[in-house]
Amino acid sequence: MCIALKRTLVIGLCTGFLYTTYPVPRAKAMDPATIAILAPIVLPYAKAAAAYAIKGTVRSAPGLLNAGMEVLNILRLPLGVLQVFLGWPFGLMGTGFHNIVRGFAAPFLFIKEILSMPLYFFGFSKP
């Protein structure tokens with residue numbers, strides 16, 4: 001037998017032995033009876049939290065739209081390159097450079113919008 005094949009076989013057997021003998025973690029779930037007992041106690045708090053969650057979602061909706069626009073602005077980079085190289089005889093070079101700059105900045109502005117989402121949600125910043 002080849003040495004590489006023996007080595008692969010021994011490594012495979014050792015790995016298989018370790019995977020089959022490793023103890024499986026036990027699930028620590030709550031029984032349904034406890035959930036049914038606690039549900040009436042927690043329900044008023046959940047309703048109060050839902051009102052705040054809805055307000056936060058409404059506040060962060062413009063930020064989601066801004067992030068979507070920045071994703072679409074990424075497509076301005078190849079458009080600007082085409083405008084510069086193919087449209088310069090037709091006077092599109094200035095617009096092409098503008099689109100290249102906007103397309104290059106779009107991923108960074110997208111990251112800024114995504115990182116600002118918690119601020120929008122809690123009302124610290126206006127989009």
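A residue counts as buried when its relative accessible area is under 20%, as exposed when that area is over 50%, and as partly exposed in between. With these cut-offs in hand, the reader can begin at Thr-57, a residue whose place is in helix H2; because its relative accessible area is 47%, Thr-57 is partly exposed. The model shown here is a predicted one, and the following paragraphs go from this residue to its helix and then to the helix packed alongside.

Helix H2 covers residues 32-73, and its course departs from that of a straight helix. Although H2 has 42 residues, the C-alpha atoms at its ends are only 49 Å apart, which is short of the 62 Å that a straight helix would reach at 1.5 Å a residue. A bend can also be located within H2, for a kink of about 45° lies at Ala-39, shortly before the proline Pro-40.

The next step is to consider how H2 meets another helix. Two packed helices are described by the angle between their axes and the distance between the axes. For H2 and helix H4, which comprises residues 93-122, the angle is about 175° and the axes lie 8 Å apart. Since angles over 145 degrees count as roughly antiparallel, H2 and H4 are therefore roughly antiparallel to each other. The residues of this contact divide into twelve nonpolar, seven polar and four charged. On the side of H2 they include Ala-53, Thr-57, Arg-59, Leu-64 and Val-71, while among those on the side of H4 are Leu-109, Phe-110, Glu-113, Ile-114 and Phe-122. Thr-57 thus returns in this contact, and its C-alpha atom is separated by 9.1 Å from that of Phe-122, although the two residues are 65 residues apart along the chain.

Which residues of H2 are buried? They are Gly-56, Ser-60, Gly-63, Ala-67, Glu-70 and Asn-73, and these buried residues pack against H4 and also against helix H3, which spans 76-86. Two of them can be followed in detail. Ser-60, which lies in H2, has a relative accessibility of 9% and therefore counts as buried; leaving aside neighbours within four places in sequence, Ser-60 is in contact with Met-117, Tyr-120 and Phe-121. Asn-73, which likewise lies in H2, counts as buried because its relative accessibility is 9%. When residues up to four places away in sequence are not counted, Asn-73 touches Arg-102, Gly-103 and Ala-106, residues that belong to the H4 side of the contact with H2.

Key: Residues are numbered from 1 along each chain as its sequence is written. This is a predicted model: local features need pLDDT of at least 70, side-chain atom pairs count only at pLDDT 80 or more; totals for chains, interfaces and linings use all residues. Side-chain values use heavy atoms; hydrogens and water are left out. Axes are lines fitted to C-alpha atoms, for helices over the stretch in contact, and angles run from 0 to 180 degrees between N-to-C directions. Helices (H or I, at least four residues) and strands (E, at least two) are DSSP runs, numbered from the N terminus. Angles under 35 degrees count as roughly parallel, over 145 as roughly antiparallel, 65 to 115 as roughly perpendicular and the rest as oblique. Contact means heavy atoms within 4.5 Å. Ala, Val, Leu, Ile, Met, Phe, Trp, Tyr, Cys and Pro count as nonpolar, Asp, Glu, Lys and Arg as charged, and the others, Gly among them, as polar. The expected span of a helix is 1.5 Å times one less than its number of residues. The bend at a residue is the angle between axes fitted to the seven residues ending there and the seven starting there. Buried means under 20% relative accessible area, exposed over 50%, partly exposed in between (1.4 Å probe, protein chains only).
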